[in-house]
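User: I am new to reading protein structures. Could you take me through one by question and answer?

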Amino acid sequence: MKVLDASWSMPDEQRNPLQEYQVAHIPGALFFDVDGISDRTTNLPHMLPSEEAFVAAVSALGIENKDGVVVYDGKGIFSAARVWW
């Protein structure tokens, strides 16, 4: 079972989800960077990456096909649903 912290905030909130994760998160949770794991070939924010890029990113997190995955975010159901999709 892998637990992912997929917290993300709107730019005008001036928050840093990675720093907040580093301060406090569910024990054992991995940080899923919504902006970092995205399509880098477009100017649009956090668009779905290619299959190859996605596989590489989640593999780097240690996630395998056999793993169950739980995704949460700091706002309840804000960015976690996007990551789950």
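The questions below go through the charged, aromatic and nonpolar side chains of this predicted model.

User: Which residues make up the largest nonpolar core, and how many are there in all?

Analyst: In soluble globular proteins, nonpolar side chains tend to be buried together. Here the core includes Trp 8, Phe 32, Ile 37 and Val 83. Its other members are Leu 4, Ala 6, Val 34, Val 58, Ile 63, Val 71 and Ala 80. The total is 11 residues.

User: Which residue of strand 1 does Phe 32 touch besides Leu 4?

Analyst: Residues up to four places away in sequence are not counted here. Phe 32 touches Leu 4, Ala 6, Ile 37, Phe 54, Val 58, Leu 61 and Val 83, and also Asp 5. Strand 1 covers residues 2-5. The residue asked for is Asp 5.

User: Where is the nearest side chain of opposite charge to Asp 5, and how far away is that side chain?

Analyst: Asp 5 is buried and has no salt bridge. A salt bridge needs a nitrogen and an oxygen within 4 Å. The nearest side chain of opposite charge belongs to Arg 15, at a distance of 9.3 Å.

User: With which side chain does Asp 5 make a polar contact?

Analyst: Asp 5 touches several residues, among them Tyr 21, His 25, Phe 31 and Tyr 72. One of its contacts is a polar one between side chains, at 3.2 Å. The partner is Tyr 72.

User: Which two residues form the aromatic pair, and what is the angle between the planes?

Analyst: A pair of aromatic rings is described by the distance of the centres and the angle of the planes. The count comes to one aromatic pair. Tyr 21 and Phe 31 form this pair, with 5.3 Å from centre to centre. The pair is tilted, and the angle is 45°.

User: How many residues apart are Tyr 21 and Phe 31?

Analyst: Tyr 21 lies in helix 1, residues 17-23. Phe 31 lies in strand 2, residues 30-31. The pair links distant parts of the chain, and the separation is 10 residues.

User: Why does Tyr 21 count as buried?

Analyst: Buried means under 20% relative accessible area. Phe 31 meets that cut-off, because its relative accessibility is 16%. Tyr 21 also counts as buried, because its value is 14%.

User: Which residue forms a salt bridge with Arg 15?

Analyst: Side chains of opposite charge can pair when their charged atoms come close. Arg 15 sits in the loop between strand 1 and helix 1. Its contacts beyond four places in sequence are Ser 9, Lys 75 and Glu 20. The closest N and O atoms of the salt bridge are 2.7 Å apart, and the partner is Glu 20.

User: Is Arg 15 buried or partly exposed?

Analyst: Partly exposed lies between the cut-offs of 20% and 50%. Glu 20 has 33% relative accessibility, so Glu 20 counts as partly exposed. Arg 15 has 43%, so Arg 15 counts as partly exposed.

User: Which residues do salt bridges with shared partners join into one network?

Analyst: The structure holds three salt bridges. Glu 64 meets Lys 66 at 3.4 Å, N to O. Lys 66 also forms a salt bridge with Asp 67, with closest N and O atoms 3.5 Å apart. The network joins Glu 64, Lys 66 and Asp 67.

User: Which of Lys 66 and Asp 67 counts as buried?

Analyst: Lys 66 has 68% relative accessibility, so Lys 66 counts as exposed. The other residue has 15%, so the buried one is Asp 67.

Note on methods
Residues numbered from 1 in each chain as written. Predicted model: local features only at pLDDT ≥ 70, side-chain atom pairs only at ≥ 80, totals over all residues. Heavy atoms only, no water. Core = buried A, V, L, I, M, F, W, Y, C linked by side-chain atoms within 4.5 Å. Buried < 20%, exposed > 50% of the residue type's maximum accessible area, 1.4 Å probe, protein only. Contact = heavy atoms within 4.5 Å. Helix = DSSP H or I, 4+ residues; strand = E, 2+ residues; numbered from the N terminus. Lys, Arg positive; Asp, Glu negative; His and termini not counted. Polar contact = N/O pair within 3.5 Å; in protein donor to acceptor, adjacent residues only side chain to side chain. Phe/Tyr/Trp six-rings, centres within 6.5 Å; stacked < 30°, edge-to-face > 60°.
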